[in-house]
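Student: I'm new to this one, and I'd like a close look at a single part of it. Could you walk me through the core and what surrounds it?

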Protein chains: 2
Amino acid sequence: MKTQETSELHQFFIQQLMDVYNAEQQLIEALPTIAEAATSTELRRAFENHLEETNMHARRLEKAFEFMNEPLSSQKCQAMQGLIEEGEEIIDDTEDDTLVRDCALIVAAQKVEHYEIASYGSLRTLAEILGYMEVATLLQTTLDEEYAADDKLTSIATGYINQGAEEEG
Amino acid sequence: MKTQETSELHQFFIQQLMDVYNAEQQLIEALPTIAEAATSTELRRAFENHLEETNMHARRLEKAFEFMNEPLSSQKCQAMQGLIEEGEEIIDDTEDDTLVRDCALIVAAQKVEHYEIASYGSLRTLAEILGYMEVATLLQTTLDEEYAADDKLTSIATGYINQGAEEEG
């Protein structure tokens, strides 16, 4: 790559890191309310575990800024704001202790997970293009955890299929 | 499941189908401009192919409404609107025929793909919970194509790593 290309791509990469750092901060603030709104204990625990992981993801991003000697900063992630608002609307629109509340929270949470999967996947590839291999490794670790969190939500939702079948049977 | 639970979940499912139907319509409108903005021929073709697929995804959703005897309708998907606006900003903020333009378009497009992956994955599971098996199959077919589109974008981005290495060598 030409020097100017590398410099433009580096700026874009830093800007995207700031975006996802803000997204994680918004999520850390929102997750306790979302966890409390869940009907099943299993789903509440999954959200609580994911809050702990999300704190770790924010720490890894701070390390990434350190590795690159860039000042730590964040820029408002509009997409995450919209996704969290969707989750809050679901809590308002559904009743406590219902199956539909849990299904709707899972849908909203999987949209959040996949927003993060797309962000971390792209950032990991950009880090590789730019040759920031330690940063790429940090991002890959978080990416793996986001995939696992998404799988956990699918497995909880799939449990409702069996539950429905048993109650019918 | 109790009858009331099933009915609430059915309503929620229909509402989510309308959301993703609108998301596909927004994408059909936006993709030609995004394809034209791409620097590499490979990326432009990937967007053009995905436009054809997206038309097919909209047709499948129409079939899903038919299967369930529900009137076809859509409701504004705010998240997709935000994601497309991000893509349009990227076109404004980057210069034609640059590597950073393509990398930024790929990041934006992968966020769109993952929004759709989350939507279709959740909808497929909801269809299974509700016992709409033909609809679940339609949704799974689209989900597989969204995953393939995302993989294609990752493989194009990975190609830039090798390209960077060759120019350096």
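**A look at the core**

Tutor: Sure! Keep in mind that this is a predicted model. The largest nonpolar core has 118 residues, and the ones with the most contacts inside it are Phe13(A), Phe47(A), Phe13(B) and Phe47(B). As a general background point, nonpolar side chains tend to be buried together in soluble globular proteins.

Let's zoom in on Phe47(A). Leaving aside residues up to four places away in sequence, Phe47(A) touches Leu31(A), Ile34(A), Ala35(A), Ala38(A), Leu105(A), Ala109(A) and Leu153(A).

Now for the helix that carries it. Phe47(A) is one of the buried residues of α2(A), a helix that runs over residues 41-67 of chain A. With its 27 residues, α2 reaches 39 Å from its first C-alpha to its last, close to the 39 Å expected at 1.5 Å a residue. Here's a handy rule: an α-helix has 3.6 residues a turn, so residues three or four places apart point the same way. With that in mind, scan the buried residues of α2(A), among them Leu43(A), Phe47(A), His50(A), Thr54(A), His57(A), Leu61(A), Ala64(A) and Phe65(A). After α2(A) comes Asn69(A), which has a positive phi, near 55 degrees.

Next, look at α1, which spans residues 3-37 of chain A. Its 35 residues stretch 51 Å from first C-alpha to last, close to the 51 Å expected at 1.5 Å a residue. Even so, α1(A) bends by about 40 degrees at Ala30(A), with a proline, Pro32(A), following within four residues. Leu31(A), in that stretch, is one of the residues Phe47(A) touches.

Step back to the chain as a whole. Chain A has five helices and zero strands, and its C-alpha atoms fill a box of roughly 65 × 25 × 25 Å along the principal axes. Of its 169 residues, 54% are buried. Among contacts in chain A with a separation of 6 or more, 78% are between residues 24 or more positions apart.

Finally, the core's list of top residues names both chains, so to speak of the pair: a rotation of 180 degrees, with 0.0 Å of shift along its axis, superposes chain A on chain B with an RMSD of 0.0 Å. That is the relation of a two-fold axis. In chain A, His114(A) has the C-alpha nearest the axis, 2.6 Å from it. The copies meet through the same surface, because 97% of chain A's interface residues are also interface residues in chain B.

Methods: Residues numbered from 1 in each chain as written. Chains lettered and ligands numbered in written order. Predicted model: local features only at pLDDT ≥ 70, side-chain atom pairs only at ≥ 80, totals over all residues. Heavy atoms only, no water. Least-squares fit on C-alpha atoms with pLDDT ≥ 70 in both. Contact = heavy atoms within 4.5 Å. Helix = DSSP H or I, 4+ residues; strand = E, 2+ residues; numbered from the N terminus. Expected span 1.5 Å × (residues − 1). Buried < 20%, exposed > 50% of the residue type's maximum accessible area, 1.4 Å probe, protein only. Bend = angle between axes of the 7 residues up to and from the residue. Core = buried A, V, L, I, M, F, W, Y, C linked by side-chain atoms within 4.5 Å.
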